[in-house]
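This report is for a reader who is new to the structure shown below. It goes through selected places one at a time.

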Amino acid sequence: MNLSPYNKIVNAAHARADRIGKLEELPEPAMDDLAEFCAVAREAADRTLGLRPYDVQLLGTLALLHGHVAEMATGEGKTLSGAMAAAGYALQGKRVHVMSVNDYLAKRDAEWMEPFYTAMGVTVGWVGQNSTREERRAAYQCDVTYGPVSEIGFDVLRDRLCTAADERIVPTPEVALIDEADSVLVDEARVPLVMAGAADAGDAVPEMAALVRTLVRGYHYEIDEGARNVYLTPKGADSVENILGVELYDENEPGTLIEVNLALHAHALLAKDVDYIVRDGRVQLINPSRGRVALLQRWPDGLQAAVEAKEALPPSEKGEILDSITIQGLIRRYPKISGMTGTAVAVSEQLGEFYGLKVAVIPPNRPCVREDEPDRIYPTVPDKDAALVEEIQRVHATGRPILIGTLDVAESENLAKLLQRRNLEPVVLNAKNDAEEAAIIARAGERDAITVSTQMAGRGTDIRLGEEVAELGGLYVIGSGRHASSRLDDQLRGRAGRQGDPGGSVFFVSTQDDLITQYVPDERPPAADPDGLVRHRRGVYLVGHAQRVAEGVNLEIHRNTWRYTRLLEHQRELILEWRDKVLSTDSAARALEKADAERWAELPEDEREERARQIVLHAIDTCWTGHLAFLTDLREGIHLRALGRMSPIDEFHREAVAEYKTLQAEIERRSLASFEEPEPDLRRPSATWTYLVQDNPFGTEWDRILKRVTSAARRG
């Protein structure tokens, strides 16, 4: 994107700096003069925060104000650029939601930037997981509201269950300004946020967890090339049938097959301390793109319960889904979207395809002088680990601080143990202690520091170099393996070399790493040289190729998810328009009076309208819940249509549209039936709760059943 127009505005702001700086009180700038706004915002930040924005931060601000995603390197001051842009939007009379990736960043940034907002005449608040409803209401009344994207989404879902207009707390969406935009808009865009009610205990069968532990890979079951699916072999199916005394592939009784299938997935494909941890007697998922616990996140009910059974834990509650929305659907509600991140260019195609956003690459304030070494590639994981420990010991002896980025919790803890055997004492940051992350990261640039961390994206704390560290070469970043996305690698590298600091980075990779064995399993890796390193250029190609394949797979998953959810989001908009009309007007009363004037006349005059409103709201909510359940079941089985050479997505849309056309008539029928009852049953769930459903990485239930049916057909 051409930044020339923005540079002209920044230059014009320079010309006004002296005049603005001499004013005792800063004026409220007219937003039709962006140069004046930039000059005032710069002076306000200087006076209140002691931070005078660099020109590049003003460029980032202007990109955000024009609805773009600003790519700004780590340490370049995205937080202040975002605050200036949010203030600019607020001064245009627009309410702004600044969406972060966790509670810590939302609270920190809102409180940190509050003096600046006050100087600009703008109010600011924040919401988090522990905010009360009144605290949330107050925060959303502010001009600018900070919050984790999931919490804002949950508040939207809660508002959709309100039975009185004044109970709603989230204002009409106007501007979404998104921190870590690539993570939110791409990596997590397909994650459904769920409001559930009518809780029951889960129903996983502990006996199934015990049964699958006795099965042997390669004999009883196989895992596919992408490690995304596991299936029984004919011998495995025979063994399970003999043990259970059932026919697994009885189409009329699929329950046992599903139970075995889920238990096998939990056993073979989900690893403790990699995909989840067990803490406080609960299974807690690990967000793969952030390396931290994904609070309130879970797999679909069956798989969640199967993992709990695997870990000998009581099953968590499950219940009826009252409503849900994907993060992509949530973001697209906002007429104006902008965002900032250190790695946007790599996903510019997706940002354009799914959101109509363009990327503005903001140059660094000072040139990056970090030295990025070529990958060091080894034939096996033990070879890689041994070389990694040797390198850490060698560099540590010089006093230079080291930050090691690992791929999962188990790897971080294993590396820490290997270092401790060498009398090295690393500080470990992973999903088990992410509450201390700010303090740990802040010290990572001190002399002699060794910090081992899972994913660094969204950590939100700059690493400043300690005394004499610059002379030692600055922070040395080591990756213990390549991620499935090159963006995550770049985010890790970006922790070194901030604001022109010296620094270095290198990645240690083995041809046995999951990235390579999962995504390019048929590629034959080149041999190592006598010193153990793979120097053949094909080794570098292999790593890059595996990463490109992984990114392609994830892009296709994103596209496919949006193909299915786009229609649902449209239907949700239509039903919510109807619900809001019922909530805010007398439309329910008029409709029921017309449908049954005699019954209307029987009711006390002061009760009629509210009774009609509650009856219709209950019918809308009940029917919508049923519609969601229908669509969920439809999507689970729609892939079987491919056997008849039909397009699953076309068939899904055809049936979803047909079903929705019956929804209005069913709501009206139920409303009238309840209206005519002396005491209609309008009970709602006694308890509701929210959570994120982790995308099932193994495909739909019917995908898995189809594999088994095919296997059974072969052995028959």
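Between which helix and which strand does the loop with Asn423 lie? The loop that holds Asn423 runs between α17 (409-420) and β19 (427-429). The model is a predicted one, and the sections below describe what it shows at a number of residues.

## Two residues with positive phi

Asn423 has a phi near 65 degrees, which is a positive value in a residue other than glycine. Most residues other than glycine have a negative phi. The relative accessible area of Asn423 is 70%, so this residue is exposed.

Asp273 also has a positive phi, near 70 degrees, and it too is a residue other than glycine. Asp273 sits in the loop between α12 and β9 (276-279). Is Asp273 buried or exposed? Its relative accessibility is 15%, so Asp273 counts as buried, whereas Asn423 is exposed.

## Helix α21

Helix α21 covers residues 537-584. It has 48 residues, and the distance from its first C-alpha to its last is 67 Å. That is close to the 70 Å expected at 1.5 Å a residue. The helix has a kink of about 35 degrees, and the kink is centred on Thr565.

Arg572 and Glu569 both belong to α21, where they are 3 residues apart, or about one turn of the helix. They form a salt bridge, with 3.1 Å between the closest N and O atoms. Arg572 has a relative accessible area of 2%, so it is buried. Glu569 is at 9% relative accessibility and therefore counts as buried as well.

## Further salt bridges

How many salt bridges does the structure hold? There are 49 salt bridges. Side chains of opposite charge can pair when their charged atoms come close.

One of these pairs is Glu602 and Arg599, whose side chains meet in a salt bridge at 3.2 Å, N to O. Because they are 3 residues apart in helix α23 (residues 597-602), about one helical turn separates Glu602 from Arg599. The two partners differ in cover: Glu602, at 52% relative accessibility, counts as exposed, while Arg599, at 13%, counts as buried.

Another pair is Arg613 and Glu610, with their closest N and O atoms 2.7 Å apart in a salt bridge. Both residues lie in helix α24 (residues 608-637), 3 residues apart, which is about one turn of the helix. Arg613 is buried, with a relative accessible area of 11%, and Glu610 is partly exposed, with a relative accessible area of 40%. Elsewhere, Arg16, Arg19, Asp33 and Glu36 are joined into one network by salt bridges that share partners.

## Leu211 and a nonpolar patch

Leu211 is located in helix α10 (residues 206-213). Its relative accessibility is 7%, so Leu211 counts as buried. Which residues is Leu211 in contact with, leaving aside its neighbours within four places in sequence? The contacts of Leu211 are with Val240, Ile243 and Leu244. Ile377 is 166 residues from Leu211 in sequence, and the two C-alpha atoms are 39 Å apart in space.

Two of the residues that Leu211 touches, Ile243 and Leu244, also take part in a patch on the surface. Together with Val246 they form a nonpolar patch with about 220 Å² of accessible area. Val246 lies in the loop between α11 (234-244) and α12 (255-269). With a relative accessible area of 30%, Val246 is partly exposed.

## Asp513

Asp513 is in the loop between β22 (503-510) and α20 (514-519). Is Asp513 buried or exposed? Its relative accessibility is 8%, which is under the 20% that marks a buried residue, so Asp513 counts as buried.

Not counting residues up to four places away in sequence, Asp513 touches Val381, Lys384 and Gly481.

Note on methods
Residues are numbered from 1 along each chain as its sequence is written. This is a predicted model: local features need pLDDT of at least 70, side-chain atom pairs count only at pLDDT 80 or more; totals for chains, interfaces and linings use all residues. Side-chain values use heavy atoms; hydrogens and water are left out. Patches are made of residues with over 30% relative accessible area and no salt bridge: like charges are joined within 9 Å, nonpolar side chains (Val, Leu, Ile, Met, Phe, Trp, Tyr) within 5 Å. Accessible areas come from the Shrake-Rupley method with a 1.4 Å probe; for residues, only the protein chains shown count as cover. A salt bridge is a side-chain nitrogen of Lys or Arg within 4 Å of a carboxyl oxygen of Asp or Glu. Helices (H or I, at least four residues) and strands (E, at least two) are DSSP runs, numbered from the N terminus. Buried means under 20% relative accessible area, exposed over 50%, partly exposed in between (1.4 Å probe, protein chains only). Contact means heavy atoms within 4.5 Å. The expected span of a helix is 1.5 Å times one less than its number of residues. The bend at a residue is the angle between axes fitted to the seven residues ending there and the seven starting there.
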